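Visitor: I would like to go through the charged side-chain contacts here. Could you take me through them?

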Amino acid sequence: MTDHTQPQQPYHPPRPPYEPTRPITTEPGTTVWPSGSGGGHTPPPAGPAPAGPAQGPRRRARRGVGLMAAVAIAAAAVGGGTATLVQRLTAETPAVTASSTAVTGTNVSASSTGTVAGVAEAVSPAIVEISASSTSGKSTGSGVIITSDGEIVTNNHVISGASRITVGTSDGRTYEAEVVGKDPDKDLALIELKGASGLRTAALGDSSKVRVGDQVVAIGSPEGLTGTVTSGIVSALDRDVTVAKDDEGTGGGQDQQQWDPRQGWPFEFGGQQFNGDTGSSKTTYKAIQTDASLNPGNSGGALINMNGEIIGINSAMYSPSSSGGSTAGSVGLGFAIPVNTLKADLDALRSGGPS
């Protein structure tokens, strides 16, 4: 049987009502088709004509663009949500800013705030080693520079009875110093360097804001090891610590100078004596207790918070006695005079001490 079915003619799309725009060739292998209308020649076919309508590829392209736009909108929405979440978290946990971390005198940078290394780098130049000489010998302590021309705060027991005081700074310079004022009842003293200027100073903080568990750094010269840095936490507050005091005219100052500095500073707590006899002339103050390692020579040095602010003046430590009669090293029981006590007493010290 003869098949009279006509052969299938290839489909030719109708001629567009305008001439396709001539392609723009930018470089070999890259062709760009303008989107606007205009005259030109029909581009050479890339292959056989598509089986579907001529508008198919264009429609698919438009759907693709629409899909990409939808994805972009969704991504923007997610990004906005993320930004909102970050903003909320930031609002709940305030970010550290330069204005809140810049500490007058110590200059703790924002990137270093909260680190022991950052605090040590910032505050160490404001901590000095004090050597006090008397007829009974020589003792070593520490001090904190509070003015650029050389006012230094230390413990009264560090300089009590001294006939000569020399101070070594962190950059290796040595100065002679004289006593400006002292307050034996608070175990505080103020000395001043001769001929000093342009010194790095420490910032005095607020000890009323100190909490048990706060991280702290101690800097001083234990056993004459200048610039020693230790760290720990605030173990307790308002400890009633009793220490011997200088009572001029009764020989109290001489008694203080007779103690071996390696034995630690004698103090009492809870009715018990530690590191030796405090003698008959004594005073009691409220102290910050810390487990940062303190040793003989740390007296008068700084207890510092993580913003680089002085919160206490280290003044006493407990060191258990060994079988040979000497004392061992720090066991994490140190005490510091709150800095607010110092600030309240500073004017009196500058005037020579309480009347």
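**Salt bridges and exposure**

Guide: One partner to begin with is Glu151, which is buried at 12% relative accessibility; buried denotes under 20% relative accessible area, exposed over 50%, and partly exposed the range in between, with a 1.4 Å probe and protein chains only. This is a predicted model, in which local features need pLDDT of at least 70 and side-chain atom pairs count only at pLDDT 80 or more, while totals for chains, interfaces and linings use all residues. Residues are numbered from 1 along each chain as its sequence is written, and side-chain values use heavy atoms, leaving out hydrogens and water.

Visitor: Which side chain meets Glu151 in a salt bridge?

Guide: That of Arg350, at 2.8 Å from N to O. A salt bridge here is a side-chain nitrogen of Lys or Arg within 4 Å of a carboxyl oxygen of Asp or Glu.

Visitor: Where in the chain do Arg350 and Glu151 lie?

Guide: Arg350 belongs to helix H6 (residues 339-350) and Glu151 to strand S5 (residues 151-154), so the pair links distant parts of the chain, 199 residues apart. Helices (H or I, at least four residues) and strands (E, at least two) are DSSP runs, numbered from the N terminus.

Visitor: And is Asp183 buried or exposed?

Guide: Asp183 is buried, with 1% relative accessible area. Its salt-bridge partner is Lys186, with the closest N and O atoms 3.5 Å apart, and Lys186 is partly exposed at 30%.

Visitor: How many salt bridges are found in the whole structure?

Guide: The search finds 6. Among them is Arg211 with Asp214, at 3.7 Å between the closest N and O atoms; Arg211 is exposed at 59%, whereas Asp214 is partly exposed at 23%.
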